[in-house]
Amino acid sequence: MTGSTHWWHDAVGYMVYLPSFADTDGDGFGDLAGVTLHLDHLADLGVNLLWVTPFYPSPMADFGYDVADYCAVDPRFGDLDTFDHLLAEAHARGIRVIIDLVPNHTSRQHPWFQAALADPGGPYHDYYLWRDPAADSGPPNNWVSFFGGRTWTLEPGTGQYYLHLFLAEQPDLNWRNPAVLDEFDTILRFWLERGIDGFRIDAAQTLIKDADLRSNPQIRRWESTAARGEQWDSFEHVHDILQPETHAIFQRWQGICQEYDAFLVGETYVLDPQRFGDLLQDEGLHAGFWFGPMQIQWQAAQIRQTLGAPLAHAGTRARVAWLASSQDEPRAPTRFGGGELGRRRAFTFVTLLFCLPGLPFLYQGEELGLVDGIVPPECRADPVGADVTLSRDGCRTPMPWRPGPAFGFSDSEDTWLPDGGRTDSDTASVQRASTDSWFARYRSLVRFRSREPELRSAALEWLSVDSGNVVAFRRGTLVIMANVGDDPLEVPIDGELVFTTTPLIVDAHRPSSAGATHVVLPGSEALVIRTT
Ligand code: NOJ
């Protein structure tokens, strides 16, 4: 595949977190018709690839990531007709649609799990991972959940523990059972036949577990009351995730996707760039999301490292999918300091992402410069993280569409999460009417990415510059530079200024004493020069 071109090589993605995007039926919960309603917003922004989070029937223990039927639509979100309509309307606007496939786990309510409970000797039992209690009656090994606590729950009816790398309501499937593979072939084809353009694979790094479910080496003391990240980091994850046999599953799915010219992007959540790169080898996933950006401070060396390392390890075949914000982490403007400074830094950071090789995605509301919404304790919904720093509610508050009740998200006063304390100037309608808004800036960035072929195909060359606060690289004739410091930087312009994160830079265009043209690049801003 090296050297060949696919439609996703030119894509700019947009992620819709469905419960919070737009509610059209007044139940306070976003729905598929709400996405259709706002497709023109996406078309105007200029994105051409839409990822919609799960809409399958679900008890909503993890807001759709606990699937009870992979081939249907939860009535809260719509029905299959609503889905087909969304797909047709998106395609009519030149926007492809990928859907979230959640293969690591089902809901406890899925008929497979219910059948496994009802008949422990029957065929569905082996769809999941069951083990007898250890000698002390405790869990069979020392694994801990991504969400904190042990990965094992004792099922009184069967006397065995079942494995769940996430919530107890999300039992893990046994991907060493060929019947599970067959089931998912059917599921993939069900949606591909409906015309979707691919899948985002949830928790792609976790599907296969060690055949003997051996305990992980423990690095430090594990406290069941510690923050979930600390619990996770108490172990070396050699047996629970990233097992090499997972590649065969991705290859099988790529074979199916090839028949439909469909795209496979993994939620490849591993922060070691080498292991991230390994996941993308062997003709499996076409791309993988890199989550390094979610972990860094606003600091030049960290930015260079988190942008460069995944590219260095991903190889030439698969793409790095870039996200600065998501449904699972505080939004980038919040992480980078909050307020206007955080917003400016986030836009500069996203500008860097959009100028790199790979596939950039925006998370809903990012184009409005949104910081995390405010969620009072009594309104919290996320089952993960009891305290506000760990909860995912803040990045999930509803999209503010226009001034007025619920900021146009819903006709209901009782929305599943509160409005987050947005203001009128946060809303899409106000920002779209202005040429000086975050929406206008993000739109110009998306369009810049889309019209510059070198940003999609030219080789990347990192540039060393004098100031430690500069992140700079070249893509063909384009030089991209971000001033990560606070002080303004004088930059010689050897060519044409083709993109800036702030219009002030253009006004500052002036000849230097030596006769060369310079601009003053303020702190936390970026520019792109087409060199001659
Ligand atoms: C990753 C998803 O992004 C997250 O929201 C979800 O809770 C977990 N996978 C479990 O499915």
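Let's start with one residue, D182: its relative accessible area is 44%, so D182 counts as partly exposed. Keep in mind as you look around that this is a predicted model.

D182 has a partner. Its side chain meets that of R252 in a salt bridge, with 3.0 Å from N to O. Now trace where the two sit along the chain: R252 belongs to helix α7 (residues 246–258) and D182 to helix α5 (residues 178–194), so this pair links distant parts of the chain, 70 residues apart. R252 is partly exposed as well, because its relative accessibility is 30%, and the cut-off for buried is under 20%. What makes pairs like this possible? Side chains of opposite charge can pair when their charged atoms come close.

How many salt bridges does a search of the whole structure find? The count is 30. Let's visit a couple of others. E89 and R93 bring their side chains together in one, at 2.9 Å from N to O. Both ends of that bridge can be checked for cover: E89 has a relative accessible area of 26%, which means partly exposed, and R93, with 30%, is partly exposed too.

Next, find R392 and D328, whose side chains form a salt bridge at 3.3 Å, N to O. Here again the pair ties together distant parts of the chain, 64 residues apart: R392 is in the loop between β11 (359–363) and α12 (428–432), while D328 is in the loop between β10 (319–322) and α10 (332–335). Is R392 buried or exposed? With a relative accessible area of just 5%, R392 is buried. D328, on the other hand, is at 22% relative accessibility and so counts as partly exposed. These two also have company: salt bridges that share partners join D62, D328, D382, R392 and R396 into one network.

Some charged residues gather at the surface instead. Look for D272, D278, D282 and E283, which form a negative surface patch. One of them, D278, lies in helix α8 (residues 273–279). D278 has a relative accessible area of 38%, so this residue is partly exposed.

Finally, zoom out to the whole chain. It is divided into domain 1 (7–106 + 177–212 + 250–451), domain 2 (107–174 + 213–242) and domain 3 (459–531). Notice that domain 1 is written as three stretches of the chain and domain 2 as two. And how far apart do the C-alpha centres of domain 2 and domain 3 lie? The distance between those centres is 51 Å.

How values were computed:
Residues are numbered from 1 along each chain as its sequence is written. This is a predicted model: local features need pLDDT of at least 70, side-chain atom pairs count only at pLDDT 80 or more; totals for chains, interfaces and linings use all residues. Side-chain values use heavy atoms; hydrogens and water are left out. Patches are made of residues with over 30% relative accessible area and no salt bridge: like charges are joined within 9 Å, nonpolar side chains (Val, Leu, Ile, Met, Phe, Trp, Tyr) within 5 Å. Accessible areas come from the Shrake-Rupley method with a 1.4 Å probe; for residues, only the protein chains shown count as cover. A salt bridge is a side-chain nitrogen of Lys or Arg within 4 Å of a carboxyl oxygen of Asp or Glu. Lys and Arg count as positive and Asp and Glu as negative; His and the chain ends are not counted. The place of a charge is taken as NZ of Lys, CZ of Arg, CG of Asp or CD of Glu. Helices (H or I, at least four residues) and strands (E, at least two) are DSSP runs, numbered from the N terminus. Buried means under 20% relative accessible area, exposed over 50%, partly exposed in between (1.4 Å probe, protein chains only). Domain bounds come from an automatic or database domain assignment.
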